[in-house]
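Colleague: I am new to this structure and would like a close look at a single part of it, the sheet. Could you take me through how it is put together and what packs against it?

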Amino acid sequence: MKNRKHRQGRQAIMVVIVVALIGMIWSIYEQFSPSVSAELTVPPIKETEMPQQISQRYKIVIDAGHGGKDPGAEGVSGNHERAYTLALSKKVFDLLQQEPMFEAYMTRTDDTFVDLEDRNKFAHDLDADALVSIHGNTYTDPDVSGTETYYYGDDSIPFAHEVHEHLVEAAGFRDRGVRKEGWKILTDSNIPAILLEVGFLTNPSDETNMLSESHQDRTAQGIVNGIQDYFTDRED
């Protein structure tokens, strides 16, 4: 009889211990389960951002004026226009290549002579959207300074004004305006075509700036900004 009561007492103690252990386990679970749950929660999947759609890629031909046997203007320092136009044109080309909306081309990529007819034919065969011919100006009076932009066809007027505005701001020279002129590179073109006279190589101040790397970088960016604004406005 005594042994039986002893067994019952032990069983009762075991039940209390088991219940206590279950309570402790449950308490621990409730304490840590939120953090565990949080760690295992899969974050919502973000929708993939689609790149901005390009409605059209515009073909732009950059024409480095003169070249080869045609040196162009001789600057105050003795440097020739053909070298300046090529250096600046390459910078414009490189910047345009970075813009998804453009395909850039050059009529010459080194110091070679290209006929004016061949420059226009190159643009026409490409079915280009615009042609930009880059030059450095000259005059007998070394005090004459400033930036000019030329066009011929009426369809080139908005393009000329847009690029000229940005070019003048970037170059920092006197604004000599947008003018109509019958240069062959313009008259033989059936697409918007402009000729940029960035500054006067015969003016000491203009030339010093034009031959500097930093000025060419700013000028090239200004030209590209003008081209970009013109074609962006067309899409609106």
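Modeller: Before turning to the sheet, it helps to place it in the whole chain of this predicted model, whose accessible surface comes to about 13900 Å², with 53% of that belonging to carbon and sulfur atoms. Of the 236 residues in the protein chain, 40% count as buried, and the chain holds seven helices and six strands, which follow one another from the N terminus as α-β-α-β-α-β-β-α-β-α-β-α-α.

The six strands form an open sheet with mixed pairing, and their order across it is β2-β1-β3-β6-β4-β5. Because β2 (102-106) and β5 (175-180) each have a single partner strand, they stand at the edges, and one side of each is left without a neighbour in the sheet. From one strand to the next, the twist averages 20 degrees.

At the β5 edge, the partner is β4, residues 147-151, which pairs with β5 in the parallel sense over four bridges; here Tyr151 stands opposite Lys180 in β5.

Two of the helices can be described against this sheet. Helix α2, residues 81-97, lies across β1 (58-64), β2, β3 (130-137) and β6 (193-200), and runs at about 160 degrees to β2. Helix α3, residues 116-125, also packs on the sheet, where it touches β1, β2 and β3, while its direction makes about 170 degrees with that of β1.

As for the chain as a whole, among contacts between residues at least 6 apart in sequence, 80% join residues at least 24 apart.

How values were computed: Residues are numbered from 1 along each chain as its sequence is written. This is a predicted model: local features need pLDDT of at least 70, side-chain atom pairs count only at pLDDT 80 or more; totals for chains, interfaces and linings use all residues. Side-chain values use heavy atoms; hydrogens and water are left out. Two strands pair if DSSP finds at least two bridges between them. Axes are lines fitted to C-alpha atoms, for helices over the stretch in contact, and angles run from 0 to 180 degrees between N-to-C directions. Contact means heavy atoms within 4.5 Å. Buried means under 20% relative accessible area, exposed over 50%, partly exposed in between (1.4 Å probe, protein chains only). Accessible areas come from the Shrake-Rupley method with a 1.4 Å probe; for residues, only the protein chains shown count as cover.
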